[in-house]
Amino acid sequence: MSEKNSRRSFLRQGFGIAALSGLAATSASALSLQNPGRDAGEMRYVGDKNKHLVMVMDLRKCIGCQACTAACKVENKVPTSQYRTFVLETEIGEFPDVRKGFLPQLCNHCDNPSCVSVCPTGATFKRKDGVVVVDNTICWGCGYCLSACPYDKRYFNTKTKTADKCNFCVQRVDQGLLPACVETCVGGARVFGDMNDKTSEVYHLLHTFSTTVLKPEQGNKPQVFYIGLDNKINELLNSTQSLDDMVKKHDGIHAEWSKTLIKEM
Amino acid sequence: MNTLISSITPNIPWGIDVPNYFWFTGSSAAAFIISSFAHVFGMERYKPIAGFSLLMAFVLLVAAPLNLIDDLKQPGRVLNFFMYGWENFGTSPMKWGVILLMAYPVLIFFEAIYIYRPYFVKKMATLSGVSHTFYGLLTLGRMGMSQEDFDKDHRVGKLLGIIGIPLALCVHGYTGYILGVVHANALWHTPLMPILFLASAMVSGTGFLIVIIPIFQKFFTSMGSVNHDTMVDLAKLLALFIVIDLVIRFLWLTFAMPFNGEEKYLVYAFFELNFHEVLYVEYLLCLIIPMIVGFSALRNNFIVLYCAGILSVVGVWLFRWNTVIGGQSIPKSAPGFLHYSPDIFSQSSIVSIFSNWGILIALVCFILVIFPWDEEMVESYSKRVNHGK
């Protein structure tokens, strides 16, 4: 009898332990602090921890040709009417003292990205080399990161129906190539590289010229640095509307969100 | 003069579903607080509508998250929320907010079945078959009808109510928190946002009860008429909550505009753009007028009070709209304010909102058929009359 009992209790305990360990294993693989790609330590998720990738925009060399805008769309298959990078075109001053001003913009790959901390699914994160990326197989499209970005540099990709943005072309960078926008930049205004490499051009530029970032007061610590950024362009960002929008309005081009016509502020 | 020649129109994430969701959770929290006036604080004058308010809090909160799911671009990936990204628990209000959002209706449901247990037991005696078993399940197997059992129902109901009050405040407070933490948005970024949302929620929730209670008292109870005292009590509450709401809005707007840093220029521009809508519709018509009705003898006129209730409900919905949609219309890095016109069909569209309200109405009917709220309401009124004598 006691033998039977001990066999029964052995079986019971054995099943119990098996069930518990099975449950633990399932929940360990199902629940993640991060996301499966990062947990597996895949290169495209983690990046090179010895690097600190940044971009320098030398505005003295930008001619507003939008070659970067086009190259980015082709390289990253960005849907129609959506952009990961673009060049804002402005007119500064009044005739005859007038000149064109350009402001190339893209995701700032912030050191302290406000989009990452609010992501409820862990789909967006910063790699160890500083590049902020989105895993479009995880993102559920809640849009909190779009709201949290102070630079409006995220959008809902109409093909993948997830949050999307510039990823510094990591698919190229990880192969030792340059981002598409940098490679195509005719004036050499876009410079990309590793800040930790003292022989790199970005290191040289950042230590030779005075640079600034967009909206430093937001505390995001952007890693896209500008040489020769005129504060007049910065002020423009928060003020007038563009001639482009007026034309769109005039032509009756309608979108769910469109520019509203207001008087000059 | 400097001019912008070309830029792109930024992509804006949140549509009409989001203000509607905020309205639903807010009104739910308020209905729960009003039910707790009786269940937790023992204020007898609210006893007849306490059970009904609790059920309204439940249905509003069951219907509310559907707005969120509809606003997702990938609604099929809801499970990803529960499986990944837990390292952001402390920094993403959406992460912990959804946990609160799930716990809160469960708690209300249990409070409701404890409060209505004696009525379920009575109802069981008149039923047989599946309905009998169904109500048997709702009693959680407690069939006793002694004073001791009633005391236990009351005790557990009160305990759940006590836990529920902070939970209700958190469930709606977190929606304000979600917006308040976004430092990229000049209109949203204030620590007052959760409190502001709670204050306006109390207005919309009370307004909602003023609108819905008369319909059910008149047409679905044996009383056959609207209880005047209850309506007057609700009118006074409405006026009081509007005062609190206005005070907090005063603090918000003064700190956001005259006494703010660089952000004030954008906030000024925003209110300049929407000046007439905000001042005349949102403030004067939908807050000041209902407040005057609530504080004056006008509240004794049922039609006037009912209209004031409707106005306050609409006003808070407009406030949610102006905050969520308006905040997103402010330019961040491409100049010019944006204008939003929701699609008629598609996700987060006008049809989504009507569908959501349809679901709410269906849920109200469903829950009110199951719960013997009318019996409880009539009994509470008759007890009050007897007590008064």
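In this predicted model, S81(A) sits in the loop that runs between α4 (67-76) and β2 of chain A. The phi angle of S81(A) comes out near 65°, which is positive even though the residue isn't a glycine. S81(A) has 11 C-beta neighbours inside 10 Å and so counts as exposed. Chain B offers a similar case in L140(B), a non-glycine residue with a positive phi of about 60°. L140(B) belongs to the loop between α6 (129-138) and α7 of chain B, and because just 12 other C-beta atoms fall within 10 Å, the cut-off for exposed being 12 or fewer, L140(B) is exposed too. As a reminder, most residues other than glycine have a negative phi, and most peptide bonds are trans. The second half of that reminder has its exception here as well: the peptide bond joining F95(A) and P96(A) is cis, with omega about 5°. P96(A) is part of the loop between β2 and β3 (97-105) of chain A.

Still in chain A, strand β8 (residues 190-194) has 5 of its 5 residues buried, so the rest of the structure largely encloses it. In a regular strand the side chains alternate between the two faces of the sheet. In β8(A), R190(A), F192(A) and D194(A) point one way, while V191(A) and G193(A) point the other way. R190(A) and D194(A) are buried along with the other residues of this set. The strand pairs with β1 (residues 53-58) of chain A in the antiparallel sense, over 5 bridges. Within that pairing, M55(A) has F192(A) as its bridge partner.

Strand pairing also crosses from one chain to the other. Strand β2 (residues 86-94) of chain A and β1(B) run antiparallel and share 3 bridges, with T90(A) partnered by L4(B). The interface as a whole brings 51 residues of chain B into contact with 60 residues of chain A. On the chain B side, β1 (3-6), α3 (78-83), α4 (93-115), α10 (264-273) and β2 (338-340) each put in at least two residues. Sorted by class, that side of chain B has 27 nonpolar, 18 polar and 6 charged residues.

Taken on its own, chain B is built with 14 helices and 2 strands. Its radius of gyration is 22 Å, close to the 21 Å that the globule rule gives for 389 residues, so chain B is as compact as a globular protein of that length. Along the principal axes, the C-alpha atoms of chain B fill a box of roughly 80 × 55 × 35 Å. Buried residues account for 45% of the 389 residues in chain B. Of the chain B contacts between residues at least 6 apart in sequence, 78% link residues at least 24 apart.

Two spots in chain B get a closer look. Helix α7 (residues 147-180) of chain B has 34 residues and spans 48 Å from first C-alpha to last, close to the 50 Å expected at 1.5 Å a residue. There is a kink of about 30° in α7(B) at G164(B), shortly before the proline P166(B). The other spot is F58(B), in helix α2 (residues 47-71) of chain B. F58(B) is buried because 26 other C-beta atoms lie within 10 Å, against a cut-off of 20 or more. Leaving aside residues up to four places away in sequence, F58(B) touches P105(B), I108(B), F109(B), A112(B) and I367(B). V316(B), 258 residues from F58(B) along the chain, has its C-alpha atom 20 Å from that of F58(B).

Conventions
Residues numbered from 1 in each chain as written. Chains lettered and ligands numbered in written order. Predicted model: local features only at pLDDT ≥ 70, side-chain atom pairs only at ≥ 80, totals over all residues. Helix = DSSP H or I, 4+ residues; strand = E, 2+ residues; numbered from the N terminus. Pairing = 2+ DSSP bridges. Contact = placed C-beta atoms within 7 Å. Nonpolar A, V, L, I, M, F, W, Y, C, P; charged D, E, K, R; others polar. Rg over C-alpha atoms; globule rule 2.2 N^0.38 Å. Expected span 1.5 Å × (residues − 1). Bend = angle between axes of the 7 residues up to and from the residue.
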